[in-house]
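Colleague: Could you take me through one part of this model in close detail? I would like to hear about the protein surface that faces the DNA.

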Protein chains: 2
Amino acid sequence: MPYRETEKMRNRKAEARKRIIECTYECVSDGGFRSAQITRVAACAGVATGTIYRHFESKEHLFAEIFRIATQREVDKVAEALATEGNAVTRLETALRQFAERALRGPVMAWSLIAEPVDPKVEEERLKFRRAYAELFEQAIKEGIGENSLPDQDARQSSTCLVGAIAESLVGPLSPAQTGGTDQTDNNDHDPLVDSIICFCMQGLTGTRR
Amino acid sequence: MPYRETEKMRNRKAEARKRIIECTYECVSDGGFRSAQITRVAACAGVATGTIYRHFESKEHLFAEIFRIATQREVDKVAEALATEGNAVTRLETALRQFAERALRGPVMAWSLIAEPVDPKVEEERLKFRRAYAELFEQAIKEGIGENSLPDQDARQSSTCLVGAIAESLVGPLSPAQTGGTDQTDNNDHDPLVDSIICFCMQGLTGTRR
DNA sequence: AGAAAGAATGAATAATGATTCACTGCTTAT
DNA sequence: ATAAGCAGTGAATCATTATTCATTCTTTCT
């Protein structure tokens with residue numbers, strides 16, 4: 001038996017795979033799935049187009065993986081914000097702000113995850129993504145109702161409206177390609193846009209103006 | 001001068017044009033702009049592909065026209081609902097319901113108008129469409145603030161959130177292709193889905209639970 | 001009827017982009 | 001050193017669609 005896969009090879013392959021994933025992620029962040037052609041991804045990763053197909057069954061599979069990764073990152077952040085101390089209303093506000101700020105910082109990716117049309121396999125992932133969000137917010141809203149900090153309401157529906165209001169506010173105006181060069185990496189503190197979105201959302205939830 | 005365009009010919013051309021528009025509209029309602037290939041539209045209209053190009057400079061121009069028509073129809077309905085008697089809050093509620101119900105009845109078209117990626121020429125029309133909505137709702141919200149039936153707020157931002165909340169509620173869950181056969185042409189009166197969306201939206205606007 | 005002009009046609013072309021596969025070149029184990 | 005086998009390559013292929021244009025109808029007017 002003259003050849004047997006060894007640790008070294010496994011590592012090398014894993015690294016190539018990782019590099020492909022990273023480059024695809026970058027392409028998507030930059031121009032959406034549409035702009036992440038295999039040729040471009042391959043060039044960016046410094047491999048031949050054929051190599052992509054040694055690591056992923058098809059473009060759809062690659063995209064599904066990217067989607068899963070990107071999504072997990074976002075959902076985790078929101079889950080984290082929802083897991084802190086405090087009453088449901090405060091935690092929800094923190095989480096919504098987290099969500100909105102992250103989307104605002106990466107609007108193209110946000111648009112890709114929320115609204116860009118994708119192939120069926122990827123759309124499946126999107127459904128899971130939506131469900132994950134819906135469940136997180138829903139859970140928190142239900143807790144709020146339980147502790148009487150929120151009025152009784154259709155938690156699932158409210159959660160959907162929250163995501164929609166934020167998405168439209170960010171992705172609508174800022175989406176297509178007009179996310180002109182203005183880099184803003186220091187935008188950690190306060191954005192008036194985010195503030196007024198959150199204001200509408202919290203009011204939609206609580207029925208109270210702060 | 002052996003040939004001069006006559007009334008009869010003008011009519012015939014106008015009819016062909018109309019037929020092309022209708023068929024494109026139908027295709028878009030059915031599967032979005034993506035699915036409205038020139039070949040299919042031509043087949044549906046009973047003309048050759050080349051004929052399309054006698055009536056429209058390019059696919060983009062044709063789509064832009066369709067978009068304009070579809071959009072006008074929706075905006076008019078909302079404007080109409082906002083032009084009735086009553087205070088701003090009531091009129092807004094009627095208008096939102098109108099918007100939501102129409103979108104729910106034609107979710108694919110709604111998605112195409114709101115979120116489907118389209119070519120630049122069509123995207124331009126979309127911007128006008130957004131602006132038209134924003135202005136209508138904004139105006140009404142401002143009236144509400146003026147007559148004290150609404151608390152002071154960023155009218156433009158609220159209007160965006162309204163559109164987003166409704167769009168996500170309808171297009172998110174119901175959008176892609178899973179708008180399975182269930183025809184509902186008699187859905188004129190009350191849909192619980194619409195009710196709870198409107199509830200969230202009105203609360204977001206008014207800060208009051210009904 | 002016949003000539004001029006436009007309208008309609010649809011097969012051919014062009015452009016884009018995913019996927020394949022025959023080949024080259026490394027790794028491994030003897 | 002060398003044979004076996006897998007990894008990498010990228011030009012060629014296939015698929016999909018918009019668009020063109022040489023050709024064939026139709027209409028109009030004398």
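**The surface near DNA strand D**

Modeller: Gladly! α3(A) provides five residues of the surface near DNA strand D, the largest share. Keep in mind that this is a predicted model. Chain B takes part as well: at least two residues each come from α3 (49–55) of chain A and from α1 (7–31) and α3 (49–55) of chain B. In total, 24 residues surround DNA strand D, and the closest are K13(A), T51(A), P2(B), T6(B) and Y53(B). Of the strand's atoms that come within 4 Å of the protein, 70% belong to sugar and phosphate. Sorted by class, this surface has ten nonpolar, eight polar and six charged residues.

Now for some individual contacts, beginning with the bases. In R54(A), a polar side-chain atom sits 2.9 Å from a base nitrogen of DNA strand D. The side chain of T49(A) also has an N or O atom 3.4 Å from a base nitrogen of that strand. On the phosphate side, I38(B) has a polar backbone atom 3.2 Å from a phosphate oxygen of DNA strand D.

To place α3(A) in its chain: chain A has nine helices and zero strands. Chain A has 210 residues, and 49% of them count as buried. Among its contacts with a separation of 6 or more, 69% join residues 24 or more positions apart. The accessible surface of chain A is about 10800 Å², with 49% belonging to carbon and sulfur atoms.

Notes
Residues are numbered from 1 along each chain as its sequence is written. Chains are lettered from A and ligands numbered from 1 in the order in which they are written. This is a predicted model: local features need pLDDT of at least 70, side-chain atom pairs count only at pLDDT 80 or more; totals for chains, interfaces and linings use all residues. Side-chain values use heavy atoms; hydrogens and water are left out. Helices (H or I, at least four residues) and strands (E, at least two) are DSSP runs, numbered from the N terminus. Buried means under 20% relative accessible area, exposed over 50%, partly exposed in between (1.4 Å probe, protein chains only). Contact means heavy atoms within 4.5 Å. Accessible areas come from the Shrake-Rupley method with a 1.4 Å probe; for residues, only the protein chains shown count as cover. A residue is near a molecule or strand if one of its heavy atoms lies within 4 Å of it. A polar contact is a pair of N or O atoms within 3.5 Å; within protein, one must be able to donate a hydrogen and the other to accept it, and residues adjacent in sequence count only if both atoms are side-chain atoms. Ala, Val, Leu, Ile, Met, Phe, Trp, Tyr, Cys and Pro count as nonpolar, Asp, Glu, Lys and Arg as charged, and the others, Gly among them, as polar.
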